[in-house]
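Dear colleague,

Please find below the sequence and structure that I am handing over to you. My notes on what was found follow directly after it.

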Amino acid sequence: IVGGSPYTVGDPHMKTVDGVEFDFEAAGEFVALRGENFELQVRQTAIGTERALENQALSELDSSVSLNTAIALKIGKHRITYQPKPGDNAREDGLILRLDGEAIELNDEGFAFAPNSKIRPTVAPNGIQIEASGGTTVIVTPGFWEHYGIWYMHVDTRHVRATEGLLGVVSPGNWLPDL
């Protein structure tokens, strides 16, 4: 399991460290992964439907999917957050990246924040890659859903050593991770 590549993408489709795939349509802030000196959190926001859902048992619901709309990451003593800038002009305001509470701008070389740890831009517009010592990598690929005026984020990981949280290990006999 060490070195797994879990992810959370779309509305959110998830894959755990041990390869179990599932959908998680909740709204709130959740621990996606937790391990020694590492924690990844995601904020999932419900998206309202334009019309009542067709399933009569669900007809009172006002949302049908959730999207990852922000991430928070703790690596060692450092905190990294990536989320939409506050304001009414979501698309124009864009996203804000913070390291230990301070907004940072990335250039092509990236931003070193600890020995063998760096945040760098990806080829995707507004995409970031966070590399931690030991080889753990978190790749955040944001997009903007014009119709709803909301930023969303796909989050992929590589070589993680964390086993707790939504993307953590599924215990024998269970079908979802232990929370």
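**Overall fold**

The chain contains 1 helix and 14 strands. Please bear in mind that this is a predicted model. Of the 179 residues in the chain, 38% count as buried. The exposed area of the chain comes to about 9,800 Å², and carbon and sulfur atoms supply 48% of that area. Among contacts with a separation of 6 or more, 45% are between residues 24 or more positions apart.

**The nonpolar core**

In soluble globular proteins, nonpolar side chains tend to be buried together. The largest nonpolar core of this chain has 34 residues, and the members that touch the most others are Ile-80 and Ile-130. At least two residues of this core come from each of β4 (28-35), β5 (38-48), β6 (63-75), β7 (78-84), β8 (95-99), β12 (128-131), β13 (137-145) and β14 (150-158).

Which residues does Ile-80 touch, leaving aside those up to four places away in sequence? The list consists of Ile-71, Ala-72, Leu-73, Ile-75, Leu-97, Arg-98, Leu-99, Phe-113, Ile-119 and Ile-130.

**The hairpin of β4 and β5**

Strands β4 and β5 pair in the antiparallel sense, over 7 bridges. Gly-35 has Phe-38, in β5, as its bridge partner. This hairpin has 2 residues between the strands, and Asn-37 takes a positive phi near 60 degrees there.

A salt bridge also involves these two strands: the side chains of Glu-29 and Arg-43 meet at 2.7 Å, N to O. Glu-29 belongs to strand β4 and Arg-43 to strand β5, and the pair, 14 residues apart, links distant parts of the chain. Glu-29 is exposed, its relative accessible area being 56%, whereas Arg-43 counts as partly exposed at 31% relative accessibility.

**Other salt bridges**

Side chains of opposite charge can pair when their charged atoms come close. How many salt bridges does a search of the whole structure find? The search finds 5; besides the pair of Glu-29 and Arg-43 described above, two further pairs deserve a description here.

The side chains of Arg-34 and Glu-164 meet in a salt bridge at 3.9 Å, N to O. Here too the pair links distant parts of the chain, with Arg-34 in strand β4 and Glu-164 in the segment after β14, 130 residues apart. Both residues fall between the buried and exposed classes: Arg-34 is partly exposed with a relative accessible area of 34%, and Glu-164 counts as partly exposed at 43% relative accessibility.

Arg-91 forms a salt bridge with Glu-146, and their closest N and O atoms are 3.2 Å apart. Because Arg-91 lies in helix α1 (residues 90-93) and Glu-146 in the loop between β13 and β14, this pair ties together parts that are 55 residues apart in sequence. Arg-91 counts as partly exposed, with 41% relative accessibility, while Glu-146 counts as exposed at 52%.

Finally, Arg-34, Glu-39 and Glu-164 are joined into one network by salt bridges that share partners.

With kind regards

How values were computed:
Residues numbered from 1 in each chain as written. Predicted model: local features only at pLDDT ≥ 70, side-chain atom pairs only at ≥ 80, totals over all residues. Heavy atoms only, no water. Core = buried A, V, L, I, M, F, W, Y, C linked by side-chain atoms within 4.5 Å. Buried < 20%, exposed > 50% of the residue type's maximum accessible area, 1.4 Å probe, protein only. Helix = DSSP H or I, 4+ residues; strand = E, 2+ residues; numbered from the N terminus. Contact = heavy atoms within 4.5 Å. Areas by Shrake-Rupley, 256 points an atom, 1.4 Å probe, with all protein chains shown as cover. Pairing = 2+ DSSP bridges. Salt bridge = Lys/Arg side-chain N within 4 Å of Asp/Glu carboxyl O.
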